[in-house]
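Student: Hey, got a minute to walk me through this one? I've never looked at it before.

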Amino acid sequence: MTLNERANRVADELDRRAAELRVAVGRGGGARVIDCGGAVPGSLAAGLLMARACLADLGDVSYVPYPLLEVGGPAVQVTTDDPVRACLASQYSGWQGLVGNFFAMGVGPMRALAGREEVFKHIPGKEESPIAVGVLETRKHPTEEVVSGIVTHLPPVAEHLTLLVAPASSLAGTVQVVARSVETALHKLHELKFDVTQVVSGYGIAPLPAVAPDELAAIGGTNDAILYGGKVTLWVRADDELLEAVGPKVPSNASKDHGAPFAELFKRYGDFYKIDPLLFSPAEVEFRNLKTGRVHRFGRCEPGLVRKSFGLE
């Protein structure tokens, strides 16, 4: 099955269980639109399904207790044995779209159909499929104009489009953003010119913040969950010397902007894109080398910053 066909199975489950999951299914511009948290309450279960769709159903997502007692509470745990396709070809927020007055980050395997991002020149995952599935991080329903704008970037073979919609300031939206611990580690490695195809499997965990009342606060809390509370383990086949060289650059503490809650950084710069892009990675990253059996761990969690961001102090 293609990435998009796999994600479509998850979307079909959301559709079948709409009432139970507190989501709404409609049509817009010829696409199936599943609202998971915009004009509806959504649910914890819908959040897990959204995260699975983002991963093209190539990963398991679950709720577990967060292991650091200073923070406690629930956490989102992710495991995948196909991390490059699941995380970089599908889950990464690489599609930044603006159609008219509508802006939303595009996530999910529809990116692998479009194949327009630089990352697809370096990783497996670009594909053709009669089905396209994407996730839009927004409270607004996509208009016909927005759907048409998305379709123009898809190949003609894609005849059926499904869009899952939820803002970060919603129950399901919060969950699907915090489920990106492994993805942020993979993306950081790619930015550091590391051959990510050497990563065989991935595990990640990050604490789940409360649902914020507005989008900026939600973006702050969900980012801080990973930047200061995310713990990722990657199983790799690589030279130990390479891992020792690249490892210290991977965690968020390698960035000059490390140490302040994300909302403070946004206020300081006034522009998301002025924040150091190397900040966006987990607090702690561990490499387990399948070639040698050695373990390399870098970075550290910052429970005090997590508590501050989550309003626990």
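Student: Let's begin with the second largest pocket. How much space lies in there?

Tutor: About 310 Å³ of space lies in the second largest pocket. Keep in mind that this is a predicted model.

Student: Which residues lie nearest its centre?

Tutor: Pro209, Ala217, Gly221, Ser309 and Phe310 lie nearest the centre of that pocket, out of 23 residues that line it.

Student: And which helix gives the most to the lining?

Tutor: That's H9, with six residues. H9, H11 and helix H12 (303–310) each supply at least two residues of this lining.

Student: How do those lining residues divide up?

Tutor: Into 13 nonpolar, seven polar and three charged.

Student: OK, now the largest pocket. How much space is in that one?

Tutor: About 1,100 Å³. The lining has 32 residues, and Ser93, Met105, Asn223, Phe272 and Phe280 are the ones nearest the centre.

Student: Where does the largest share of that lining come from?

Tutor: H9 again, which supplies seven residues to the lining of the largest pocket. Strand S6 (102–107), helix H8 (181–191), helix H9 (215–229) and helix H11 (262–269) each supply at least two.

Student: And how many of the lining residues are charged there?

Tutor: Seven are charged, seven are polar and 18 are nonpolar.

Student: Switching topic: what order do the strands take in the six-strand sheet?

Tutor: The order is S3-S4-S9-S10-S11-S12, in an open sheet with mixed pairing. Strand S3 (59–65) and strand S12 (295–299) stand at the edges with a single partner strand each, so each has one side without a neighbour in the sheet. On average, neighbouring strands of this sheet are turned by 15 degrees against each other, ignoring direction.

Student: How do S10 and S11 pair, parallel or antiparallel?

Tutor: Parallel, over six bridges, with S10 covering residues 231–236 and S11 covering residues 284–289. Trp235 has Arg288 in S11 as its bridge partner.

Student: What about S1 and S2, parallel or antiparallel?

Tutor: Antiparallel: strand S1 (residues 24–28) and strand S2 (residues 31–35) pair over five bridges. Ala24 has Asp35 in S2 as its bridge partner. S1 and S2 form a hairpin with two residues between them, and Gly29 in the turn has a positive phi of about 60 degrees.

Student: On to helices. Why does the span of H1 agree with what it should be?

Tutor: Helix H1 (residues 3–16) has 14 residues, and at 1.5 Å a residue they should span 20 Å, counting one less than the number of residues. The end C-alpha atoms of H1 are 20 Å apart, so the two values agree.

Student: Which H1 residues are buried?

Tutor: Leu3, Asn4, Ala7, Asn8, Val10, Ala11, Glu13 and Leu14.

Student: And how many residues of H3 are buried?

Tutor: Eight of the eleven in helix H3 (residues 44–54), so by the under 20% cut-off that helix is mostly covered. Among them are Leu48, Leu49 and Met50. Just after H3, Ala56 takes a positive phi of about 55 degrees.

Student: Last one: where is Arg300 found?

Tutor: Arg300 is in the loop between S12 and H12.

Student: Why is Arg300 called partly exposed?

Tutor: Because its relative accessible area is 45%, and partly exposed means in between the 20% and 50% cut-offs. Arg300 and Pro155 are 145 residues apart in sequence and 43 Å apart in space, C-alpha to C-alpha.

Methods
Residues are numbered from 1 along each chain as its sequence is written. This is a predicted model: local features need pLDDT of at least 70, side-chain atom pairs count only at pLDDT 80 or more; totals for chains, interfaces and linings use all residues. Side-chain values use heavy atoms; hydrogens and water are left out. On a 1 Å grid over the protein atoms alone, a cavity is a set of points where a 1.4 Å probe fits but cannot get out, and a pocket is an open set with protein on both sides within 12 Å along at least five of seven lines; lining residues have an atom within 4 Å of a point. Grid points are joined across faces, edges and corners, and a volume is the space filled by probe spheres set on the points. Helices (H or I, at least four residues) and strands (E, at least two) are DSSP runs, numbered from the N terminus. Ala, Val, Leu, Ile, Met, Phe, Trp, Tyr, Cys and Pro count as nonpolar, Asp, Glu, Lys and Arg as charged, and the others, Gly among them, as polar. Buried means under 20% relative accessible area, exposed over 50%, partly exposed in between (1.4 Å probe, protein chains only). Two strands pair if DSSP finds at least two bridges between them. Axes are lines fitted to C-alpha atoms, for helices over the stretch in contact, and angles run from 0 to 180 degrees between N-to-C directions.
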